[in-house]
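Q: I am new to this structure and would like a close look at a single part of it, the largest pocket. Which residues line the largest pocket, and which elements do they come from?

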Amino acid sequence: MDVHDLFAATLDDLRALCNNPLSTEYDALRTSALLRKLLLDASPLAQQVNRQARLPLIFEVSSLNVRHEAYQDDEPVFHWTSAEPFGLVPTLQLKWDAFLNYPIVRAFEYYYTVRNLIKVVAHVQGGVHRFEPEDEKEAALLRASESLTLNERSLLHIALFSVGRVTHRALAPLQGFGRA
């Protein structure tokens, strides 16, 4: 399988997992592995494909993130927001690094970016590996996420699926590139 076929299959899997309203906890773990492969690996798959295409990769996200004043209070336990634009909330157009640094979750006194979220689900919860948390920040996110759910789904995983949908939309223009 060449890099273009691998990229296309990975993006198709990401779309299917993130758009399934009946997605499971295991689907979230699989999503984290796909996101890691596309965005975080030493040579991210999306960048390998884009070396030839040289397309501007823009991630459209909601301007309402967990650092927004609407989410600030004295004693937060857990705040999360969808990375996806919704309703009449203005959007931001982010490049690669800005997207990976987009704040999406707040647990206790810690803020977590898209990069942090993918890494914790992929490397601590078991999407790729299952290791102990590296530090108190990762441990705090796990403690908060284990008890906070919406319709029996982890809020952490709901946030991850939103990251997957934003990623799919940003990378979709690359999917047909390099094909005859």
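A: In this predicted model, the largest pocket is lined by 18 residues, and those lying nearest its centre are E25, Q125, R130, E146 and H157. Four elements each give two or more residues to this lining, namely the helices α2 (25-40), α6 (136-147) and α7 (155-171), together with the strand β7 (153-154). Among these contributors, α6 gives the most to the lining, with 3 residues. The volume of the pocket comes to about 340 Å³, and when the lining is sorted by class, it holds 6 nonpolar, 6 polar and 6 charged residues.

One of the contributing elements, α7, can be followed a little further. This helix has 17 residues and reaches 24 Å from its first C-alpha to its last, which is close to the 24 Å expected at 1.5 Å a residue. It is also mostly covered, with 15 of the 17 residues of α7 buried.

For a contrasting detail of the model, one may turn to R54, which lies in the loop between α3 (45-53) and β1 (59-62). The phi angle of R54 is near 55°, a positive value in a residue other than glycine. R54 has a relative accessibility of 70%, and because a residue counts as exposed when this value is over 50%, R54 is classed as exposed.

Conventions. Residues numbered from 1 in each chain as written. Predicted model: local features only at pLDDT ≥ 70, side-chain atom pairs only at ≥ 80, totals over all residues. Heavy atoms only, no water. 1 Å grid on protein atoms, 1.4 Å probe; cavity = no way out; pocket = protein on both sides within 12 Å on 5 of 7 lines; lining within 4 Å. Points joined across faces, edges and corners; volume = space filled by probe spheres on them. Nonpolar A, V, L, I, M, F, W, Y, C, P; charged D, E, K, R; others polar. Buried < 20%, exposed > 50% of the residue type's maximum accessible area, 1.4 Å probe, protein only. Expected span 1.5 Å × (residues − 1).
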